[in-house]
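This report walks through side-chain pairs, burial and the contact between chains. Keep the sequence and the 3D view open while reading.

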Amino acid sequence: MPDITLPDISLQSCQITPRVAHLRDAYFRAIPEVCTERPLLITQYHKDHGLLHQNKISVLQKAMAYRHALMNRTPVIWHQEAYEKGCQSFSVNDRSYFAGSTTSHFKGVPLYPEYLALTLWPELHTIGERAANPYYLSESDAEELNASIFPYWMEDTLMELARKHYYPEDWAAKDPNPYPSPIKLMEYLVFFMPTKVNCVSHTIPSFTRAVNEGLRAVMNDAHARGEAAQDPAQKEFYQAIEVALDGIILYARNLAAKAQEMAQAEPDAERRRELLDMARIYAHVPEYPARSFREALTTIWICWIAVHLENANVGVSLGRLDQLLHPLYKSDINAGSLTAEQAVELLCCLWLKIGDHVPTVAQAGEQLFGGTGSNQAITIGGIDTEGNDAVNDLTYVMLRATELMKLRDPNLNARYYSGVNEPRYLRRLCEVNVSTGATPALHNDKAVITALMSKGDTLEQARDYGVIGCVEPSSAGRTYAHSGAILLNLTSALELALFNGKHRHTGMSLQISPPTGEPSQFKSFEDFRNAFETQAKWLIQSATTFNNLMGKIHQRYYPTPVLSALFEGPMEKGKDLIEGGATINASGMTVIGLADVADSLSAIQRVVFEERSVTFAELLDAINTNFEHDEVLYKRLGSPIKTPKYGNDDPAADANAQSIVTFLDTLLSSIENYRGGRYRVGYWSMTNHAGFGRLMQALPNGRKARENFASGITPVSGVTPSLTAALSSVGKLPAVALSSGIALNIKYTPEPDTSAMLSNFAASVEGYFDDMGGSRSGGMEIQFNVTNHDTFIDAVRHPENYPELLVRVSGYTAYFKDLNPQMQKEIIDRTEYWVSKGTALFYEPFELPAAERAVRSPRSPDISVKAPAAESASQPTPATMGEHP
Amino acid sequence: MTTAETTPAPEQLPAHPQPALLPPAAYELPAEPLASMRGFPGIQFWMDKFDRLLFGAATSQFLNILLEVMEFAFKIDRSYRRNIQDFKGRYVICTADGSVYESIIFQDGKMDASHRVIDDWNVKVVYKNAGALRSFLFAQDADVLDSLLKNEVEVSGNINYVHRFGFLARDLQRRLLG
């Protein structure tokens, strides 16, 4: 039986306290400030110790650099000041329960010059003037970056080290073919994005030992192992662990000392008591075992700061906190030293701390990928390693904190095991989605566990999965997954097949990949499918080659002693995470454009080879002219009546989607990564379906040039009128082929009868997750936007009225106002369902301002109906399948 | 690293224009930030020229004029010159058809721009037209993206040198135009 003692699982008695309300207001008011503290400390250490321009940096050298940075960081107890839009300062009057911060600012942008910080160089004097997502940067800090930090890294960013070490020598010498190298393909932007130029990060550390034993015990363990080790490399590794953990402890002690010092000077008795509490807590944890719920949260927070000092803030995730923290929570509750209300308040403060930083995104990147947070996932619920219901009181406390705060970060992910977890838990998850509009994402334990076991995880490991970044499942604290290592634009593989190894974006004079034949000469659809698979294989081999080369550069220059100390495996193996020290090693590729490619294949199959209503040459001509001269063909290709579309439970269309995911999984599973693990495939796109979409010309499925692709694993917007059919198509995809996670983005319109809506909402999830007695996998993941069309439209027109409107992009959550116009349009145009009726509401495509119109409108105007008038939005008209050309 | 198809033979290039004659008064100015000299006739000439460069029609002379103004600013603005104090960098910026080819060498606190063909560059930027290059270096937000989307600018070599050059260009804009 689940361990639930709360009289009301929705915890309606817990409200935002004045302390939290004040912090939250300041949080939404503040713009991020670029922080120079980390880059300055790290640069100084590298300069002073001769670590720049070397052939290798050892794990011990890195550990000493991080220790230097940790012990010399400014110990900030409470922030005094932040900046708002327009770069005006305001008083924060921070009274959080947690001291320390990821940067030296209330809301900061940590810089990692080892990775991509130098991309901000051109903007140092203008970054506060960006139209979207400006950062505050003082003149003196800008000058410091320009003169004292950036110049030293020009030859030493990981990307340039990779170019120096592996290109052109290795690539060109070993493969003197006429095709562009992987590094060149990356620079074309349109084929794939390897994220190792920016981070590894995407993983879940383990805080179990830190919380339960304390870092001193881990240091002692490392010391003993180092003494016993014979291998010099292992001895050095264990020494590095000791040094890195010592740095974390010193940072906490500095915070304790600062709190003590402030307390002595504090005239207000209440503030003095709080400061003394903090001084006492930080003097104890994380060095020693946590004795209370609050101390456990503090341990995690301090370790989290250290993890981000080492690793770029891109998708590092916190794991199953409701499982780890429940014993201390329960013991405090039983002892009467904590109430649920106090726990919610503590978590609200921690959630704000976790969201105290945003990633570095340069100007052009803002246009393509703007609005992202650091994507720090927290996982709740599901089952334990024995298969028992793992939902506990703390699960609901975390849900309530999330519901109250409505924050972008952390990104809450809820696991659900049908038949083991209680129905009221699922209903509560749906309720929080309705009240927040976008969170938590829901994961189907049965399907995920099956998928992870198919990749070699044991049953216990698979049952203990947590979610990384957006939606990627991995055994928590023991799998070094780098789940977002490669973002693959699958439509480029289709493009190469359509144009015999050439790509319209890079020009038809450049042979990108080996020719696979002129499509007009193909005799059958199988010929074309083979060409597509050949091109996909070539592209994937290029991408994984590049990823593995970058991995070797990380091994050479970016060992990770902090993460290694907080992980299962490295201590046992005496080996850094980056060298393969984790218990389980993997790399992840996420695929963008699945639905558009599947529908394109279906279109080619149907109109060219089955009906023979157009020739391949005519089809190519139509997409080359963006359908400008062939409106009839355009409408036909876009119509789900005339042309099979994935997401309509259409066997022909779904078979193509299934064929693609199976092919990609088989291929990726056969490729080894640089740590001895294998590649896993996922289908979540963040904002890349908009970014890649803007680079691509028209496709055979009726998508016009530069329009957005469908998000994640979601069917194309506007062509799936039935909710049941859409969920069925996705639920039929084999989970074993989706092991790096999926994002199914579904939009529900809020309904007046909330109770009835919640019942149908929960039923829709149950139905989607159902494995139908083993006849299918059941859907692996689903996430929602529960905001109506008119609200989104109004938020575009009056963003100032919607500073906190939370949306699911395709994986992570974001504030709608921060998204670029293309992403806003994509979300507005997503198929919106009336869940109680199971039917879609089709609206007129949202019109962007003229300058932004190069983006997708929903397909098939022939099945669209006029949007309901604003006053009748609560009673919309379900779409009907109308006349088709 | 130089590729034959993008590097023109020197004889194919137009003669490198002589640096525009500095207004005599400019040489007599103290080495102060340019911004403090706004309105001074000798300086205003360059400010106006730069203004036209950024906001007028983008001509094939864009790169040439930019480098000319940049050289001028390095000469007379000590604080701007500090940006390249210890900087060694070798750039090639050219058009795909070779009609424009500029090599820029930063060394010993000086900038030397010429048509001289160099093959040991740190970075090479090939652009399709002056508008694209101007957007790439100066424009805000969407324009930068557009030049990338249209594949109008291609970079080979160490991209960090482009970031640094981007800073120099925008810092110049800040100093000249505020």
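A salt bridge here is a side-chain nitrogen of Lys or Arg within 4 Å of a carboxyl oxygen of Asp or Glu. The model is predicted.

## Salt bridges within chain A

A:Glu611 and A:Arg636 meet that rule: their closest N and O atoms are 1.9 Å apart. A:Glu611 sits in the loop between α24 (594-610) and α25 (616-624) of chain A, and A:Arg636 sits in helix α26 (residues 631-638) of chain A, so the bridge ties together parts 25 residues apart in sequence. The two partners fall into separate burial classes. A:Glu611 is partly exposed because its relative accessibility is 39%. A:Arg636 is buried, at 19%, because the cut-off for buried is under 20%.

Over all chains the count is 53 salt bridges. Another of them joins the side chains of A:Arg29 and A:Glu84, at 2.9 Å from N to O. This pair links distant parts of the chain. A:Arg29 belongs to helix α1 (residues 18-29) of chain A and A:Glu84 to strand β3 (residues 81-84) of chain A, 55 residues apart. A:Arg29 is partly exposed, with a relative accessible area of 41%. A:Glu84 is also partly exposed, at 23%.

A:Glu422 and A:Arg424 form a salt bridge too, with the closest N and O atoms 3.0 Å apart. A:Glu422 has a relative accessible area of 22% and is partly exposed. A:Arg424 is partly exposed at 36%.

## Where chain B meets chain A

On chain B, 29 residues are in contact with 32 residues of chain A. The size of an interface is often given as the accessible area lost when the parts come together. Here the buried area is about 2,700 Å², and carbon and sulfur atoms give 52% of that. There are 12 residue pairs in polar contact between the chains. The interface also holds 2 salt bridges.

Which elements of chain B give two or more residues to the side that touches chain A? They are α6 (142-149), β5 (153-157) and α7 (159-177) of chain B. The largest share, 10 residues, comes from α7(B).

A:Glu139 and B:Arg174 meet across the chains in a salt bridge of 3.4 Å, N to O. Shared partners place this pair in a wider network of salt bridges, made of A:Glu139, B:Asp77, B:Asp171, B:Arg174 and B:Arg175. B:Arg175 has a further partner. Its side chain makes a polar contact of 2.6 Å with that of B:Ser79. B:Ser79 lies in helix α4 (residues 78-81) of chain B and is buried, with a relative accessible area of 17%.

## The fold of chain B

Chain B has 7 helices and 5 strands. Along the sequence they run α-α-α-α-β-β-β-β-α-α-β-α. Of its 178 residues, 56% are buried. Among contacts in chain B with a separation of 6 or more, residues 24 or more positions apart account for 70%.

## Aromatic pairs

The whole structure contains 35 aromatic pairs over all chains. In one of them, the rings of B:Phe50 and B:Phe138 have centres 5.9 Å apart and planes at 75 degrees, so the pair is edge-to-face. B:Phe50 is in helix α2 (residues 41-55) of chain B and B:Phe138 in helix α5 (residues 130-138) of chain B, 88 residues apart. Both are buried: B:Phe50 has 0% relative accessibility, and B:Phe138 has 6%.

B:Tyr91 and B:Phe106 are another edge-to-face pair, at 5.7 Å centre to centre and 80 degrees between the planes. B:Tyr91 lies in strand β1 (residues 89-95) of chain B and B:Phe106 in strand β2 (residues 101-107) of chain B, so the pair ties together parts 15 residues apart in sequence. B:Tyr91 is buried at 1% relative accessibility, and B:Phe106 is buried with a relative accessible area of 1%. The two rings belong to one aromatic cluster with B:Phe74, B:Tyr80, B:Phe87, B:Tyr161 and B:Phe165.

## Charges over rings and a buried alanine

Chain A also places charges over rings. A:Arg415 lies over the face of A:Tyr465, 3.9 Å from the ring centre. The charged end of A:Lys704 sits over the ring of A:Tyr634, 4.4 Å from its centre.

A:Ala493 is in helix α20 (residues 490-498) of chain A. Is A:Ala493 buried or exposed? It is buried, with a relative accessible area of 1%. Leaving out residues up to four places away in sequence, A:Ala493 touches A:Phe532, A:Gln535, A:Ala536 and A:Leu539.

How values were computed
Residues are numbered from 1 along each chain as its sequence is written. Chains are lettered from A and ligands numbered from 1 in the order in which they are written. Side-chain values use heavy atoms; hydrogens and water are left out. Rings of Phe, Tyr and Trp (its six-membered ring) pair if their centres lie within 6.5 Å; planes under 30 degrees apart count as stacked, over 60 as edge-to-face and the rest as tilted. Helices (H or I, at least four residues) and strands (E, at least two) are DSSP runs, numbered from the N terminus. Buried means under 20% relative accessible area, exposed over 50%, partly exposed in between (1.4 Å probe, protein chains only). A charge sits over a ring if NZ of Lys or CZ of Arg is within 6 Å of the ring centre and within 35 degrees of the ring normal. Contact means heavy atoms within 4.5 Å. Buried area is the accessible area (1.4 Å probe) that two parts lose on being put together, summed over both. A polar contact is a pair of N or O atoms within 3.5 Å; within protein, one must be able to donate a hydrogen and the other to accept it, and residues adjacent in sequence count only if both atoms are side-chain atoms.
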